[in-house]
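Me: Please take a close look at one part of this model, the place where the two chains meet, and then describe the partner chain that forms one side of it.

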Amino acid sequence: MTVEASRGARDEAPPELVQLLTPEGERVEHPDYDLDLTPEEIRSLYRDLVLVRRIDLEAVALQRQGELGIWASLLGQEAAQIGSGRALTDSDMAFPTYREHGVAWCRDVDPVKLLGLFRGVNHGGWDPKEHNFHLYTIVIGSQTLHAVGYAMGIQRDDATAATIVYFGDGATSQGDVNESFIWASVFNAPVVFFCQNNQWAISEPLEKQTRIPLYRRASGFGFPGIRVDGNDVFACLAVTRKALEAARTGQGPTLIEAFTYRMGAHTTTDDPTRYRVASELEAWKLKDPIERVKAYLFKNELADQAFFDSVDKEADQLGADLRRRCLAMPDPEPLDIFDHVYREPHALIDQERAQFAGYLEGFEK
Amino acid sequence: MTILSLSKALNEGMRKAMEDDPKVLIMGEDVGKLGGVFRVTDGLQKDFGEDRVIDTPLAESGIIGTAIGLALRGYRPVCEIQFDGFVFPAADQIITQLAKMPMRSLGAIKLPVVVRIPCGGGIGAVEHHSESPEAHFTHTAGLRVVACSNPADAYTMIQQAIRSDDPVVFFEPKRRYWEKADIDTSSTDWWTPLHAAKVVRPGADATLLAYGPMVKTCLEAAAAAEDDGRSLEVVDLRSLNPLDEAVVMESVRRTGRVVVVHEAPVYNGFGAELAARVTEQCFYHLEAPVLRVGGFSTPYPPSKLEEHYLPDLDRVLDAVDRAFGF
């Protein structure tokens, strides 16, 4: 059976896909998801989409030039990330994987800080509390449990807030993700599970992870699941807003499956031409998340060419600035190895630091 | 003074920690109404409520993973893993997340999580209920690893572990849960630092290094050796990471002979680390190589065989004899 055929079989009864903006840039209504945006807000979303794509492209270029060891591209997933990220309030807490550069943008994390991990100067490097944006998590699905635990803390604090946790289609096979669904359901935790189904877990297609649409998993755990057009920034914003509001008001978790596509490689070490056909990529190009907002703005005369030019110029400046600051990022000092392993004094660390310092000093004499 | 069993001392220690700090939470399978399978958390849910003593679904990774999230929110979770062999489903969360996350944030976040693990054999249990997984965790940077051996230490060490801003893996010797001692719970000024080793029996001819359940076995061996005219010193390590090297090396330099005793398999066990460090630092004081007594390189055996697997007084004394034979 071909990939296409198996997908067709699985989607015999196609699930409803929440969509508010078609790939052609036509606004459509949905009975459950209302969204009233000002022209300024729509232009702002467009700007976000363009700028995070530029951050991503610049990072890919930096990797190709040897400045980053590796990079996980978000190309194609901008709408899922900006739509959901812009639905968050300041008091909400986000738990990302390693690909949520767009959500990081929405949480005001300086983009250059995203590069540290990939350049090899640190394993994270921003203060999660300052941005309510947790560190990138490399182990697949681990962060879903952290998000649920954090949500249980919100409940105990009697606070009005929610957590959102990001993961991919591959992560849904992990035990931790399933445990997090159980915990969230049993404790009615204020958490939104945001699955970016980008169709591929490195080279493994969705068929290797599931036999049913992912959003339907939620019903088995006892909470609602919804599938949204992940390339539609309006729909992602509306659906995530509603789910977060439900969580904040004691209605428990929601699973959102953002149906999207990873246009690039899994990471810069990957080669998708080995495992997927070009026609698939071409089909998804027609659903580009940026082009449809641009078309909408144009058609409705909400933006003129000068606006688009100014955003492109801003993107150029952002890219150049990111490049300059990436190259200026200092290498860590050798003795930094011992920093922050423990918060309280630790005799073994102190001993090894002193020994290594003495060894290094030997070269300076 | 109050006479308390080791399990009750842990219970009282946790109770005190919960009274002192409203952010302290207990979580695990069956820790609420049942009071834990060993009753270590007995009565705590009744007194502190279900929001602070949390009965969780049956999944160890979930317990540690959600505890991490609670700690990120400012809580101090104390997680109970029912038995040593069941910590492995949680090993990923402990090793890749709990241990590493503070460093990943360059110190911006702390994870004051305690992972309580009833460890070791000697209670006639089925498989996966009698293991000694300490080396897995002492090998993981970012974790503190301690083991109590008696009720008084249990009472103080659990409170110190809960107060620590670092994650602590806390081993409890399950076969010693029912042993009792007189504890002064009203006093705190006699508290030994969490990471200090203790000379629990002074001696002159050889040092027995032990922790957790084997401390008592070593004390019995030392008492028996006295009849043979040998004076054995027993050091309770209490903390495995970090190790209190000062107390260990001072003892070794005085006695010149060392036998390390633990229940875990000898091969690549914590005793290997002790032997290496003692040899490196006390080479010219040693009258004999550092000898190790422990489990075999086999899975923990069925309970009808565990008396042969577990170090006992005779196996310890046999090693002491060998140390004197060099």
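Reply: In this predicted model, 43 residues of chain A are in contact with 47 residues of chain B. The size of an interface is often given as the accessible area lost when the parts come together. By that reckoning chain A and chain B bury about 3700 Å² between them, and carbon and sulfur atoms account for 58% of that area. On the side of chain A, the residues that lose the most area to chain B are A:R156, A:W183 and A:R343, which together make up 19% of what that side buries.

Turning to chain B itself, its secondary structure amounts to 12 helices and 14 strands. Its radius of gyration is 19 Å, close to the 20 Å that the globule rule gives for 326 residues, so chain B is as compact as a globular protein of that length. Taken along the principal axes, the C-alpha atoms of chain B fill a box of roughly 60 × 45 × 45 Å.

As for the packing within chain B, 63% of its 326 residues count as buried, and of the contacts between residues at least 6 apart in sequence, 81% join residues that are at least 24 apart. The surface that chain B exposes comes to about 12000 Å², with 53% of it supplied by carbon and sulfur atoms. Where charge is concerned, chain B carries 33 positive and 46 negative side chains, and the centres of these two sets lie 4 Å apart.

Note on methods. Residues numbered from 1 in each chain as written. Chains lettered and ligands numbered in written order. Predicted model: local features only at pLDDT ≥ 70, side-chain atom pairs only at ≥ 80, totals over all residues. Heavy atoms only, no water. Helix = DSSP H or I, 4+ residues; strand = E, 2+ residues; numbered from the N terminus. Rg over C-alpha atoms; globule rule 2.2 N^0.38 Å. Buried < 20%, exposed > 50% of the residue type's maximum accessible area, 1.4 Å probe, protein only. Contact = heavy atoms within 4.5 Å. Areas by Shrake-Rupley, 256 points an atom, 1.4 Å probe, with all protein chains shown as cover. Lys, Arg positive; Asp, Glu negative; His and termini not counted. Charge placed at Lys NZ, Arg CZ, Asp CG, Glu CD. Buried area = accessible area lost by both parts, 1.4 Å probe.
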